[in-house]
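Thanks for coming. I will go through one model today, starting with its surface and ending with its charged pairs.

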Amino acid sequence: MRDEFTDGRLAATVERLRGEVRAAHAATEGRALIELAKGVLVERLGCGPAQAARQLTELADRAGLSRLELAADIINEAARDRVAEVAGDFVRTTIGEPGTGGPAASVAVRLRTAESAALSADDTQAVADSLLAHALEPLGAVAVAIWTTGPDASLSLRGHAGFGADEAARWHYVPPGVTTAARQALTGRRTVWYPSLAAAGIPSIGHARHPDGGRVVVPAGTGGRIHGVLEICWARPLEPQPQAVERQIEALAELCAHTLESLPEQAAPAPSLLPAGDGSRELAELSDGLYDAALVLTPHLDEAGRLADFRIRHANAHFQDPAGRPRSAVDGVLLLEAYPATADESELFERIERVYATGEPFRARRTRLTALVDQVPLTTLADVSISRHGGSVLLIWRVEDESARLASLLQHAQRLGRVGAFEEDALTGDITWHGQLFELFGRRPTEAPVALRDLADHAHPDDSGTIRQFLQTVLQQRQVGSAAFRMLRRDGVTRHIRVTAEPAQGVDGGLETIRGAYQDISAQHWTEVALTATHDRLVATEEAAEERNRLTLQLQHAIMPPVKPPLDAPSLDVAVRYRPAESESLVGGDWYDAVVLPSKKVLLCVGDVAGHGVEAATGMVVLRNALRGLAVTGAGPGQLLSWLNNVAHHLTAHVTATAVCGIFDPGTRTLRWARAGHLPPVLVRGNEAVDLPLLRGLLLGALAEAEFEESELRLEPDDIVLMYTDGLVERRDTPVQDSVAQLLAVAQLPSDSLEQRLDQLLARSKSDTDDDTCVVGVQVY
């Protein structure tokens, strides 16, 4: 068995050999750049290779650069391509200047080295290794994946670096329709930045190993067509990057696109039905065999290599130009020049552009299409199909047959409306029935239709008079007639039927044919009966509810008058306000009390019983009277609320409530108080208003046993204490903390009296719940 020392030496040897291989690759790629720069000097200076090598060394020494950095600068100056543009961008946005060996020089070397390695690679795996080693690791990236797109918009992993072999095997193929980070960039046709892949909630390769790492996913395409996707992974969350880095990544994606374009066997993982090339000739032959109109389109690029339009390569025999031009005049013409309306109509041009870019086919039914069809715009609907084959796009459309569609709609309408048409020849007696009528009459299709003259034999006897009058109107007076009757079918089912008939006269003025329709109105009839009964019940219920609300409001006003007479308490001015709910149906259980106890102390309290109506009002009466009786014992507010909790839990029918209870001692100007799930009181002292602490205390009736924390407050002359229910502050769109802050701002406004201060609180209340409101105010003097 090998010992740990032997294993360590083998691992170190393997790592050393790997480093030597990487160094050899880097040296080879660096020599490629130097050789390319020497070729530029040979062409520019007209010298030989040896002299160019000496010139390169001398220029590097003068500039204080390495030969590799100077070679990158020479290549950038000669090429003036995207890589040179990105390096120049760094010169403008960083402290590095040309000739100083700063960031601009290092960027140029890295990008040119990556470009050289990628162009010399024979597969996308080598491209991925080169991009990570030369261009992405200096940016902090730890892994890279190169995806290629299939003709069905699937994704295949064609190259990766920094990911494990097992991880790559699991992600070697992503079917169409599966949402991943790479697909987001493909379908959106734009660069997507994920500061954290886990936060975005989108899976992708390596997400388990780097769950919080950032991702950048860039479509790799040329000439309007996306050949693949470049995905770059960071181990940590990705901070916003400068524009220069973004342009570096876009340049690398463009390099990937050219590489993928030069490796067609890698870029198309699924076998294609068309040979290499744009496939336009084969598509033209295929479109000629279709029964629908079709166009074969190929991309048209501008001078910068960007997709500008599509050229019509072929129009099949079923295509008819709206302007009447022959098909030969359309072949070879640009799509937007021949049919400019396609740019606006149902986003047709954008759909074609998207299909060409991503390869994902587009199908749509009943799309408005007038630009390519010579028909009335209001009635031109078509089924559209767009697909990419090789480098071409096949556009197919089928114009909807309006007459067939209307006939189908009519059939559906008759079926849904349970309507059946008929025609009766008055001379021969021949009758034509719509198929729906056999079902309405409960007859087999092989049986003879029922003539109008025999209609009474199939109706309820009580409706014979109605049918007789209907037949007289149609057959004798020769006018349009209509009647509703009950049909008695042989299967014992009674149906409510409406019949309408119109007579048609011949050239001699005699009755020739009768056309009309039967409609099953059973559902309508029973609905009307049910609605009538429901209406009667609703009227009775509304009257009962109004009476119930009236009695509830009378009960509440009898016990809780909106304004309470002055309270005879020494050293204390007490005022109360009660504002009932705006809607009688919302009459609730808000209550207040202010009473002088036998001990000359003053009981102050407000409460709110959950719910509305009689139950809430009666619960309020129970709790209010119980608290009055318990307060005579001289117990403190905490004990009173504990007893009141037992009353709510055991002696009432599932009542829950909130309350604030206070005992004021005029001799010491001390207020002891406690709360049960209610908002605390407000203290107004001078020009400042604050809410008292939020003491512990559950709402009444929630638990069988509960304890309530007490607090004691010594009041000074002119101090004001306000107790209120949530109807004063509650809003549906505002947190309660903000509403209380608004209340404090109003409470500290100056006023001439305590009564005026309470009126001011009610007037400026911004509550929108239409609930009851109680306010109790006390002022010490």
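A term before the first item: a nonpolar patch here is built from residues with over 30% relative accessible area and no salt bridge, with nonpolar side chains joined within 5 Å. Keep in mind throughout that this is a predicted model.

With that in place, L698, L699 and L703 make a nonpolar surface patch of about 240 Å². L698 sits in the loop between β23 (688–691) and β24 (710–714). Its relative accessible area is 45%, so L698 is partly exposed.

Next, confidence. The chain has a mean pLDDT of 80, and 75% of its residues reach 70 or more. Residues 86–105 stay under 50, and the model gives them 34 contacts beyond four places in sequence. Another stretch, residues 265–276, also has pLDDT below 50, with 19 contacts beyond near neighbours in sequence. Where pLDDT is low, the predicted coordinates should not be read in detail.

Now cysteines. How many disulfides does the structure hold? The count is 0. Take C605 and C661: the sulfur of C605 has its closest cysteine sulfur in C661, at 5.8 Å, and that is too far for a bond. The cut-off for a disulfide is 2.5 Å between sulfurs. Both residues are covered: C605 is buried at 1% relative accessible area, and C661 is buried at 0%.

On to the charged pairs. The whole structure contains 26 salt bridges, and I will show three of them, then a network.

The first on my list is R306 with D302, at 3.7 Å from N to O. R306 is exposed, with 53% relative accessibility, while D302 is partly exposed at 31%.

Then there is D491 with R489, where the closest N and O atoms are 2.8 Å apart. Which partner is buried? R489 is, at 17% relative accessibility, whereas D491 is partly exposed at 48%.

The third pair is R577 and D759, whose side chains meet at 2.7 Å, N to O. This pair links distant parts of the chain, 182 residues apart: R577 belongs to strand β17 (residues 572–579) and D759 to helix α23 (residues 754–763). R577 is buried, with a relative accessible area of 9%. D759, at 38%, counts as partly exposed.

Finally, the network: salt bridges link R731, R732, D733 and D768.

That is my list. I will take questions now.

Key. Residues numbered from 1 in each chain as written. Heavy atoms only, no water. Buried < 20%, exposed > 50% of the residue type's maximum accessible area, 1.4 Å probe, protein only. Patch = residues over 30% accessible without salt bridge, like charges linked within 9 Å, V, L, I, M, F, W, Y side chains within 5 Å. Areas by Shrake-Rupley, 256 points an atom, 1.4 Å probe, with all protein chains shown as cover. Salt bridge = Lys/Arg side-chain N within 4 Å of Asp/Glu carboxyl O. Helix = DSSP H or I, 4+ residues; strand = E, 2+ residues; numbered from the N terminus. pLDDT = per-residue confidence, 0-100. Contact = heavy atoms within 4.5 Å.
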